[in-house]
Amino acid sequence: MILVFIDHDRGVIDDISLQGITFARSLDSSIEAVVVGGEANAALLGEYGVTKIHHATHASLTDYTPQAVGRAVAEVVKSASPSALITGGTPRGNEVLAHVGAMLDLPVVTDCSEIDLGASTVKRMRWGGNLIEHAKVHTSMMIASIFPHQIAATPAPASAEVIAFTPELTAQDTLVKIIDRTGEAAGGVTLAEAKVIISGGRGVGEDFTLIESLAGLLGGAVGCSRVVTAAGWRPHAEQVGQTGTKVAPDLYIACGISGATQHIAGCKNSKTLIAINTDGDAPIMSYADYAIVGDLHQILPAIIAATQAAKG
Ligand SMILES: Cc1cc2nc3c(=O)[nH]c(=O)nc-3n(C[C@H](O)[C@H](O)[C@H](O)COP(=O)(O)OP(=O)(O)OC[C@H]3O[C@@H](n4cnc5c(N)ncnc54)[C@H](O)[C@@H]3O)c2cc1C
């Protein structure tokens, strides 16, 4: 049996967690899940082939509390004895696995694209996918996260039984927790779920009005490069890349972004990538399905006008 840790944000399950379940199914036919806090989500997880959900509830688990979540997952590992603990490689998923590994004194491998449980080997993506590592993992139980968007989440309907439990937490376990959230977009589409992302880099400058307008018209989200977040022009939550969010939208429009490997690591799984850049030789142009050479301050207003006209 493989145990899959399910990452969620206040009860909303990340698609990358469903990718983790889908990947786990390719390793074993028996899949159980552990959900800490939030809802057990039996209908959704059953839809993806989970047959048993270990749902941890505790008065202290009101929002993400990394070490406490790790403690609850470690408790399930000890009682259920899975052959592997897998999760989709979200930042929270990776963080929780690190806690579990430390608690159980076992190694953790992140961002895997292939796992062979029999041989205890993995293939994993380093440096945002620019280096592929083949590694032997010396462990009694594989603890691994799956590189985001490596595979699509696909359903395999089953019926999921829910086993609720209260984990034994120490005061230390809840020292680090979310106590407040500020600056969150109200009602907007998040980067992770957006089908369309309009992303801006240094070439945009501080004023993202054009980027926001086109994103709004297309029902998409705003993304950006690290230069933009480092300058304080946009929040880190909008950063795409190796140290930002890894996205896989239907359409990614990169405006005034050069295409550094660390940025490409976050957007290379986009189904269609359009680049707008004054420099026809910018690296982003070689990744783009469509490359527009020109000033984004002239091109974006034209696209916005054409989109408005097409929408009537
Ligand atoms: C460890 C590490 C992690 C990193 N993680 C990330 C990450 O997660 N995400 C990330 O994005 N970066 C990351 N970086 C930074 C990355 O290396 C680049 O510095 C960054 O992506 C460059 O941002 P940019 O493309 O906006 O800026 P630049 O590289 O300066 O490119 C600006 C582009 O805009 C074009 N341009 C200028 N004016 C216009 C105009 N008017 N119209 C059209 N085009 C115009 C230019 O031709 C140029 O190509 C990381 C770096 C390191 C070392």
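A residue counts as near the ligand if its C-beta atom, placed from the backbone, lies within 6 Å of it. This model is predicted. In it, 28 residues surround the ligand. Gly201, Gly203, Arg226, Gly241 and Ser258 come nearest.

## Around the ligand

The shell has a mixed make-up. Its residues divide into 16 polar, 8 nonpolar and 4 charged. Several elements take part. Helix H6 (226-230) supplies at least two residues of the shell, and so do helix H7 (261-267), strand E15 (272-277) and helix H9 (296-311).

Ser258 deserves a second look. It sits in the loop between strand E14 (251-255) and H7. Is Ser258 buried or exposed? It is partly exposed, because 19 other C-beta atoms lie within 10 Å, while a buried residue needs 20 or more. Leaving aside residues up to four places away in sequence, Ser258 touches Gly201, Ala282, Pro283 and Ile284. Gly201 is also one of the residues that come nearest to the ligand. Gly203 is 55 residues from Ser258 along the chain, and 8.6 Å separates their C-alpha atoms.

## The whole protein

Now step back. The protein contains 16 strands and 9 helices. Its radius of gyration is 21 Å, and the globule rule gives 20 Å for 312 residues, so the protein is as compact as a globular protein of that length. Along the principal axes, its C-alpha atoms fill a box of roughly 60 × 40 × 35 Å. Of the 312 residues, 46% are buried.

Contacts also reach across the sequence. Take the contacts between residues at least 6 apart in sequence. Of these, 64% join residues at least 24 apart.

## Helices H3 and H4

Two helices can be read side by side. The table gives their lengths and spans.

| Helix | Residues in helix | Expected span | End-to-end C-alpha distance |
|---|---|---|---|
| H3 (66-80) | 15 residues | 21 Å | 21 Å |
| H4 (91-104) | 14 residues | 20 Å | 20 Å |

For H4, the expected span and the distance between its end C-alpha atoms agree. For H3, the reach is close to what 1.5 Å a residue predicts.

How many residues of H3 are buried? The count is 11 of 15, and the helix is mostly covered. The buried residues form an unbroken list from Gln67 through Ala68, Val69, Gly70, Arg71, Ala72, Val73, Ala74, Glu75 and Val76 to Val77. Their cover includes strand E1, strand E4 (31-36), strand E5 (52-56), strand E6 and H4.

H4 buries Arg92, Gly93, Val96, Leu97 and Val100. Seen down the axis of H4, these residues fall within an arc of 130 degrees, so they line one face of the helix. What covers them includes strand E1 (2-5), H3, strand E6 (84-88) and strand E10 (142-146). H3 is therefore among the cover of H4, and H4 is among the cover of H3.

## Positive phi angles

Most residues other than glycine have a negative phi. Some residues here are exceptions. Just after H4, Asp105 takes a positive phi of about 55 degrees.

Ser81 follows H3, and its phi is positive, near 45 degrees. It is placed in the loop between H3 and E6. Ser81 is exposed, because 10 other C-beta atoms lie within 10 Å, and the limit for exposed is 12 or fewer.

Ser120 is not a glycine either, yet its phi is positive, about 55 degrees. Where does Ser120 lie? Its place is the loop between strand E7 (109-116) and strand E8 (121-126). Ser120 has 16 C-beta neighbours inside 10 Å, so it counts as partly exposed.

## Glu47

One more residue rounds off the tour. Glu47 belongs to helix H2 (residues 42-47). It is partly exposed, with 18 other C-beta atoms within 10 Å. Apart from residues up to four places away in sequence, Glu47 touches Pro155 and Pro157. Gly128 is 81 residues from Glu47 along the chain, and their C-alpha atoms are separated by 30 Å.

Key. Residues are numbered from 1 along each chain as its sequence is written. This is a predicted model: local features need pLDDT of at least 70, side-chain atom pairs count only at pLDDT 80 or more; totals for chains, interfaces and linings use all residues. Helices (H or I, at least four residues) and strands (E, at least two) are DSSP runs, numbered from the N terminus. Ala, Val, Leu, Ile, Met, Phe, Trp, Tyr, Cys and Pro count as nonpolar, Asp, Glu, Lys and Arg as charged, and the others, Gly among them, as polar. The radius of gyration is taken over C-alpha atoms; the globule rule is 2.2 Å times the number of residues to the power 0.38. Two residues are in contact if their C-beta atoms, placed from the backbone, lie within 7 Å. The expected span of a helix is 1.5 Å times one less than its number of residues. The arc is that of the directions from the helix axis to the C-beta atoms.
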